[in-house]
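Please take a look at the structure below and get comfortable turning it around. A short tour of some of its sheets, helices and charged pairs comes after it.

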Amino acid sequence: MQTPDWVARGQPHIWQPYAQMKTATPPLPVVRSHGSRLELADGRQLIDGVASWWTACHGYNHPHIAQAVRAQLDAMPHVMFGGLTHEPALTLARRLAALLGPGLDRVFYTDSGSVAVEVAMKMAVQFWLNQGERGRSRFLAFRGGYHGDTFGTMAVCDPDEGMHSLFRGMLAEHDIVDLPRDDAAMARLDAFLETRGPQLAGILVEPLVQGAGGMLLHDPEVLRRLRRLADRHGLLLIFDEIFTGFGRTGTLFAFEQAGIRPDIITLSKALTGGTLPLAATVASSRVFDAFWSDDPSHALMHGPTFMGNALACAAANASLDLFESEPRLAQARALSTALAAGLAPCRELAWVRDVRVLGAIGVVELDRIDDREALKRRLVEAGVWVRPFGNVVYLTPALTIAPDELDTLMRAVIAVLRAQRP
């Protein structure tokens with residue numbers, strides 16, 4: 001079919017993300033979404049295997065979220081959060097605090113995951129400054145990690161394997177080390193912190209899954225080790241659950257599987273069920289108390305224009321309703337079983353290095369992918385939307401995906417990888 005007029009007229013003026021636009025395949029024009037399906041302008045339907053970067057946990061166009069957003073739009077779409085407040089934001093903050101459990105009870109809203117991590121880092125540094133401790137401006141982060149694309153967050157991503165090496169020399173310097181996956185690594189990190197600890201504001205990690213760094217998994221014991229190290233050396237522990245939060249790993253939050261809590265946690269992506277931009281940085285009472293003062297300089301001087309957007313908060317409250325009223329966590333666990341069985345045949349391929357699954361995350365790691373654009377095109381031709389990166393092909397579908405749709409996704413991945421080495 002002919003390219004829609006709005007594509008032909010608008011595409012010369014758009015800048016696509018993560019793409020060399022001179023050589024990349026043109027983006028697919030989507031005109032409708034429903035459940036786990038995307039309808040293209042030419043009438044084709046694709047089963048979405050990545051839930052729009054892991055956000056659409058309830059599938060697209062869930063009527064309960066749509067109704068909540070419509071009602072809020074009629075009442076009040078947005079007011080500034082500086083000096084004003086509103087019910088959707090306060091209700092959401094109360095509900096998040098209750099879900100996160102004792103201690104994590106102060107919610108700071110932003111509108112993207114990168115900024116939520118920036119705010120967490122800013123909180124951690126000022127936590128020490130407000131108590132008269134200077135020099136704690138560095139963070140301990142981990143190889144394989146990814147925390148965002150802003151200048152602050154680029155600096156705590158993996159400096160070698162990540163996508164930000166071009167900016168080396170312009171970024172703040174932090175300590176990027178291996179995760180303590182065993183007792184020997186734990187001892188080495190403990191010794192490292194004996195000398196480096198006084199310069200650190202905190203430890204930053206993605207719990208259980210390092211997402212955009214390669215879909216790398218680690219055991220809950222790693223988080224328990226980090227909690228012990230943070231306590232031993234007096235550091236704040238920050239969990240970046242932007243990817244893992246809201247059922248993706250089989251529990252509502254990944255940290256629950258370790259039986260410990262961070263001092264600060266960042267949330268976004270599935271927070272609104274994939275409908276509107278919203279992020280939250282949630283701090284413990286201990287962290288917040290360092291800002292509670294008569295001294296104006298002790299305030300956290302940060303405030304995005306659309307902070308606490310009422311429409312987004314209404315969508316997030318509706319999304320939490322669905323976690324309460326529909327069996328999302330059971331669906332995530334069922335997806336885990338199905339992904340493990342359905343992707344297993346990929347292990348037979350000589351160019352597959354690993355197949356791994358956690359919750360509603362299925363990963364096929366290849367020895368390499370020489371032409372990702374060609375691989376994406378072949379997956380589209382098979383009727384699915386899957387976006388490989390690095391050397392991995394991954395599935396993070398909506399938790400509500402139908403069994404036959406999931407089966408189609410997995411069969412498409414297997415067939416495409418079997419037909420031709422990527």
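This briefing walks through two sheets, a helix that lies across strands of both, and a handful of salt bridges. Keep in mind that you are looking at a predicted model. One sheet is open and has three strands, another is open and has four, and the salt bridges come to 26.

**The three-stranded sheet**

- The strands of this open sheet follow the order 13-14-16, and their pairing is antiparallel.
- Strand 13 (352-358) and strand 16 (392-395) are at the edges; each has a single partner strand, so one side of each has no neighbour in the sheet.
- On average, neighbouring strands here are turned by 10° against each other, if direction is ignored.
- Strand 13 and strand 14 (residues 361-366) run antiparallel and are joined by six bridges.
- To find this pairing on your screen, look for Leu358, which stands opposite Ile361 in strand 14.
- As general background, strands of a sheet pair through backbone hydrogen bonds, and they can do so in a parallel or an antiparallel way.

**The four-stranded sheet**

- Here the order is 1-2-3-15, in an open sheet with mixed pairing.
- Strand 1 (30-34) and strand 15 (384-385) are the edge strands, and each of them pairs on one side only.
- Three bridges connect strand 2 (residues 37-40) with strand 3 (residues 45-48), and the pair is antiparallel.
- A handy place to start is Arg37, which stands opposite Ile47 in strand 3.

**A helix across both sheets**

- Helix 13 (residues 403-419) lies across strand 14 and strand 16, and it runs at about 165° to strand 16.
- Helix 13 also lies across strand 2, strand 3 and strand 15, where its angle to strand 3 is about 90°.

**Salt bridges that reach along the sequence**

- In general, side chains of opposite charge can pair when their charged atoms come close.
- Arg232 and Asp190 form a salt bridge through their side chains, with 2.7 Å from N to O.
- Arg232 belongs to helix 8 (residues 220-232) and Asp190 to helix 7 (residues 183-196), so this pair ties together parts that lie 42 residues apart in sequence.
- Arg232 has 47% relative accessibility and therefore counts as partly exposed, whereas Asp190, at 17%, counts as buried.
- Asp263 makes a salt bridge with Arg227, and their closest N and O atoms are 3.0 Å apart.
- Asp263 sits in the loop between strand 10 (236-240) and strand 11 (264-267), while Arg227 is in helix 8, so the two tie together parts that are 36 residues apart in sequence.
- Both partners count as buried: Asp263 has a relative accessibility of 8%, and Arg227 has one of 11%.
- Which residues are linked with Arg227 and Asp263 in a network of salt bridges? They are Asp231 and Arg286.

**A pair to compare**

- The side chains of Arg368 and Asp370 also meet in a salt bridge, at 2.9 Å from N to O.
- Is Asp370 buried or exposed? Its relative accessibility is 53%, and because exposed means over 50%, Asp370 counts as exposed.
- Its partner Arg368, at 40% relative accessibility, counts as partly exposed.

Key. Residues are numbered from 1 along each chain as its sequence is written. This is a predicted model: local features need pLDDT of at least 70, side-chain atom pairs count only at pLDDT 80 or more; totals for chains, interfaces and linings use all residues. Side-chain values use heavy atoms; hydrogens and water are left out. Two strands pair if DSSP finds at least two bridges between them. Axes are lines fitted to C-alpha atoms, for helices over the stretch in contact, and angles run from 0 to 180 degrees between N-to-C directions. Contact means heavy atoms within 4.5 Å. A salt bridge is a side-chain nitrogen of Lys or Arg within 4 Å of a carboxyl oxygen of Asp or Glu. Buried means under 20% relative accessible area, exposed over 50%, partly exposed in between (1.4 Å probe, protein chains only).
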